[in-house]
Amino acid sequence: MLCNKRILLGIGGGIAVYRVAELARLLVKQGAEVRCVMTRSACEFVTPLTFEALTGNSVHTRLFDLVGDNASMGHIELARWADAIIIAPATAGVLARIAHGIADDLLSTIMLVSEAPVLLAPAMNHSMWSNAATRHNTALLRERGMHITGPAAGILACGEEGAGRLSEPEDILAALLPLLTPPALAGQRWVINAGPTAEAWDGVRILTNRASGTLGALLASQAAIMGARVTLIAGPGTPATITDVERIPVESADAMLAACLQAAAGATVFVGTAAVSDFRFTRPVSGKIKRGSTGQMVVELTANPDIIATVAHMHDRPCRVIAFAAEAEKHIEHGRKKLAAKGVDAIVANDISNMGSHAGGGWWLTPDHEAELHSSNKQAFADAIIHQIMKLEE
Ligand SMILES: Cc1cc2nc3c(=O)[nH]c(=O)nc-3n(C[C@H](O)[C@H](O)[C@H](O)COP(=O)(O)O)c2cc1C
């Protein structure tokens with residue numbers, strides 16, 4: 001399974017080091033060439049000799065030992081050598097140093113050099129794991145596209161119970177495999193719009209809606225993780241994505257349309273998740289409109305451009321254009337009408353109750369196909385939608 005794959009196994013100083021010996025053995029058994037880098041603390045728990053015996057390679061422990069004529073590989077070469085990096089156990093200390101770019105030992109320095117996919121397997125006391133600093137550090141690492149497996153919950157080495165156990169070596173291996181296969185969306189360019197739009201009435205008031213932008217942001221991150229080059233045109237409040245996603249913040253429907261047309265030209269896929277305001281104020285003003293004394297205010301609205309239909313009819317239109325239909329009832333019937341009217345390749349019909357909530361799920365509709373997407377949350381919904389889009393390409 002891992003024939004000719006070069007795995008750099010970074011080992012932090014936690015009690016779970018002894019279980020990483022089993023992981024090293026498994027990787028070698030699968031045909032990988034494994035080189036280990038141990039932190040100074042890791043060597044307090046298990047000697048490098050254990051990993052040398054298991055991998056057949058000398059273990060690297062000190063940055064400055066790699067300098068000079070006798071060194072077989074410097075830290076830069078070691079970082080470039082790896083097809084993938086696993087860090088197990090990823091201690092709270094290692095996570096913090098990588099998250100903040102602190103290059104004060106061999107492992108953390110390699111992490112600043114390497115561009116290989118990274119799998120982190122944290123293990124620590126449950127309080128260390130739930131500490132705000134560790135949570136913040138792991139969130140940063142995830143945002144940068146690093147993969148995290150575990151920790152599992154159970155009785156910990158310290159005798160306390162909670163989340164903090166190193167994932168089983170077999171589970172770490174299973175999480176590694178997808179990182180070594182060529183990304184499914186490599187070479188593709190995806191453009192996604194997300195969130196609500198905000199139409200100015202005057203200098204302080206806006207017309208907007210309840211969309212959160214969560215689904216669009218999740219789709220953008222997931223497509224980028226799967227290898228696509230992704231641009232997210234993000235309405236106000238759209239959540240953060242992994243840093244690989246190019247983000248273009250916009251407010252009004254007009255600004256969103258302009259950004260979409262520019263980004264979507266020649267793209268592989270366009271996904272229109274944004275809840276674009278159907279109307280804008282006909283005569284917005286720059287100051288602040290006074291309350292007045294009549295007890296009534298009549299305003300005139302003008303229809304906004306239809307972004308998804310405009311993108312679907314561009315002359316250098318994306319290969320696939322996918323629209324969303326948020327409906328209160330007759331989801332499939334209304335979705336099918338929209339599919340025909342907009343000239344898109346597929347519609348994701350979903351219930352308006354999904355908007356602004358964690359709920360996911362809906363219907364995938366193409367001219368000749370219909371599938372219900374049962375998803376308990378928005379991440380699962382995003383995964384299911386990407387899966388359907390990939391099937392369109394086949
Ligand atoms: C007996 C013992 C067990 C420890 N187990 C862990 C652990 O499981 N996870 C962890 O993050 N730190 C653990 N620590 C603390 C780390 O060893 C310590 O933070 C160290 O500085 C980590 O160094 P490193 O991150 O460079 O490997 C343990 C310390 C001791 C003394």
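In β18, Trp-364 is the bridge partner of Val-348. Strand β17 (residues 346–351) and strand β18 (residues 362–366) run antiparallel and are joined by three bridges. Strands here are DSSP runs of E with at least two residues, helices are runs of H or I with at least four, and both are numbered from the N terminus. Two strands count as paired if DSSP finds at least two bridges between them.

The model is predicted, so local features need pLDDT of at least 70 and side-chain atom pairs count only at pLDDT 80 or more, while totals for chains, interfaces and linings use all residues. Residues are numbered from 1 along each chain as its sequence is written, and side-chain values use heavy atoms, with hydrogens and water left out.

**The two sheets**

Strands of a sheet pair through backbone hydrogen bonds, either parallel or antiparallel. The table lists both open sheets.

| Strand order | Pairing | Edge strands |
|---|---|---|
| β12-β11-β8-β13-β16-β17-β18-β19 | mixed | β12 (246–249) and β19 (369–373) |
| β2-β1-β3-β4-β5 | parallel | β2 (33–38) and β5 (147–148) |

In the sheet of eight strands, the twist averages 15° from one strand to the next. Helix α11 (residues 253–264) lies across β8 (189–194), β11 (229–234), β12 and β13 (269–272), and runs at about 170° to β8. A UniProt record (unreviewed entry) places the feature "domain: DNA/pantothenate metabolism flavoprotein C-terminal" at residues 185–391; UniProt positions are given in the numbering used here, feature names are shortened, and annotations may be inferred rather than shown by experiment. Over residues 185–391 the chain is 27% helix and 26% strand, with the end C-alpha atoms 12 Å apart.

In the sheet of five strands, β2 and β5 each have a single partner strand, so one side of each is left without a neighbour in the sheet. Strand β3 (residues 84–90) pairs with strand β4 (residues 118–122) in the parallel sense over four bridges. Ile-86 has Leu-119 of β4 as its bridge partner.

**Helix α5**

Helix α5 lies across β3 and β4, at about 135° to β3. Helix α5 (residues 92–99) also packs against helix α8 (residues 132–143) at an angle of about 50°, with the axes 9 Å apart. Axes are lines fitted to C-alpha atoms, for helices over the stretch in contact, and angles run from 0 to 180 degrees between N-to-C directions. That angle makes α5 oblique to α8; angles under 35 degrees count as roughly parallel, over 145 as roughly antiparallel, 65 to 115 as roughly perpendicular and the rest as oblique. Contact (heavy atoms within 4.5 Å) involves residues including Leu-95 and Ile-98 of α5 and Leu-140 and Leu-141 of α8.
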